[in-house]
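Student: I have a structure open on my screen and I'm not sure how to read it. Could you walk me through some features?

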Amino acid sequence: RDFPPSLKVLTKLQTLELIENSFQSLPEEIVAFPRLDSVKLSHNEFLVWPEPISFCTCLTELEFRFNAMKEIPKSVKNLTLLTHLDMTGNEVRYCP
């Protein structure tokens with residue numbers, strides 16, 4: 001499933017909830033939301049961490065519940081304001 005292009009105009013967006021949408025990736029354009037502090041991508045089909053999310057440096061909350069990810073990349077360290085990361089229901093075997 002593709003990321004809705006119409007979201008690109010929402011430059012003041014703070015919370016993004018795309019739960020149960022069969023997403024497997026995120027576009028680079030996700031970084032176009034400079035105020036984005038909460039992203040909920042639970043119950044999708046992510047096999048790997050979508051790297052564009054690592055450049056959303058204002059994130060304080062990130063949920064990837066019940067996807068199919070096995071590791072969290074080192075780039076998670078870019079999210080210095082992150083206080084809540086929920087990976088429940090994934091088989092994470094590696095976390096930096």
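Tutor: Sure, let's go through the sheet, the core, the cysteines and a few loop residues.
Keep in mind that this is a predicted model.

Student: Let's start with the sheet. How do strands hold on to each other, and what is the strand order here?

Tutor: In general, strands of a sheet pair through backbone hydrogen bonds, either parallel or antiparallel. In this model there is an open sheet of four strands, ordered β1-β2-β3-β4, and the pairing is parallel. At the edges sit β1 and β4 (84-86), each pairing on one side only. Ignoring direction, neighbouring strands of this sheet are turned by 0° against each other on average.

Student: Can you zoom in on one pair? How many bridges link β3 and β4?

Tutor: Three bridges: β3 (residues 61-63) pairs with β4 in the parallel sense. Look for Leu62, which stands opposite Leu85 in β4.

Student: Leu62 it is. Now, what should I look for in a core?

Tutor: The general idea goes like this: in soluble globular proteins, nonpolar side chains tend to be buried together. Here the largest nonpolar core has 24 residues, and the ones touching the most other members are Leu36, Trp49, Ile53, Leu59, Leu62 and Phe64. Click on Leu36 to get a feel for this: setting aside residues up to four places away in sequence, its partners include Leu13, Leu16, Ile30, Cys56 and Leu59.

Student: Cys56 is a cysteine. How many disulfides does the structure hold?

Tutor: Zero. To call a disulfide, we want two cysteine sulfur atoms within 2.5 Å. Cys56 is in no disulfide, as its nearest cysteine sulfur, in Cys58, is 8.7 Å away. For Cys95, the closest cysteine sulfur is that of Cys56, and at 18 Å it is too far for a bond.

Student: Is Cys56 buried or exposed?

Tutor: Buried, because its relative accessibility is 5%, and buried means under 20%.

Student: What about polar residues, such as Ser54? Where does Ser54 lie?

Tutor: Ser54 is in the loop between β2 and β3. With a relative accessible area of 0%, Ser54 counts as buried. Its side chain makes a polar contact of 2.9 Å with the side chain of Trp49. Beyond its close sequence neighbours, Ser54 also touches Ser75, Val76, Asn78 and Leu79, among its contacts.

Student: And the loop between β1 and β2? Which residues does Ile19 touch there?

Tutor: Ile19 does lie in that loop between β1 and β2. Apart from neighbours within four places in sequence, Ile19 is in contact with Lys40, Ser42, His43 and Asn44. Take Ser42: Ile19 and Ser42 are 23 residues apart in sequence, but their C-alpha atoms are 5.0 Å apart in space. Ile19 is partly exposed, at 34% relative accessible area.

Asn21 is in the loop between β1 (15-17) and β2 (38-40) too. Asn21 counts as buried, at 17% relative accessibility, and a polar atom of its side chain lies 3.4 Å from the backbone oxygen of Leu18.

Student: One last thing: which backbone angles should I check?

Tutor: Look at phi. Glu20 has a positive phi of about 60° although it is not a glycine. Glu20 lies in the loop between β1 and β2 and is exposed, at 58% relative accessible area. Phe66 also has a positive phi, near 55°, without being a glycine. You'll find Phe66 in the loop between β3 and β4, where it counts as partly exposed at 37% relative accessibility.

Technical notes: Residues are numbered from 1 along each chain as its sequence is written. This is a predicted model: local features need pLDDT of at least 70, side-chain atom pairs count only at pLDDT 80 or more; totals for chains, interfaces and linings use all residues. Side-chain values use heavy atoms; hydrogens and water are left out. Buried means under 20% relative accessible area, exposed over 50%, partly exposed in between (1.4 Å probe, protein chains only). A nonpolar core is a set of buried Ala, Val, Leu, Ile, Met, Phe, Trp, Tyr and Cys residues joined through side-chain atoms within 4.5 Å. Contact means heavy atoms within 4.5 Å. Helices (H or I, at least four residues) and strands (E, at least two) are DSSP runs, numbered from the N terminus. A polar contact is a pair of N or O atoms within 3.5 Å; within protein, one must be able to donate a hydrogen and the other to accept it, and residues adjacent in sequence count only if both atoms are side-chain atoms. Two strands pair if DSSP finds at least two bridges between them. Axes are lines fitted to C-alpha atoms, for helices over the stretch in contact, and angles run from 0 to 180 degrees between N-to-C directions.
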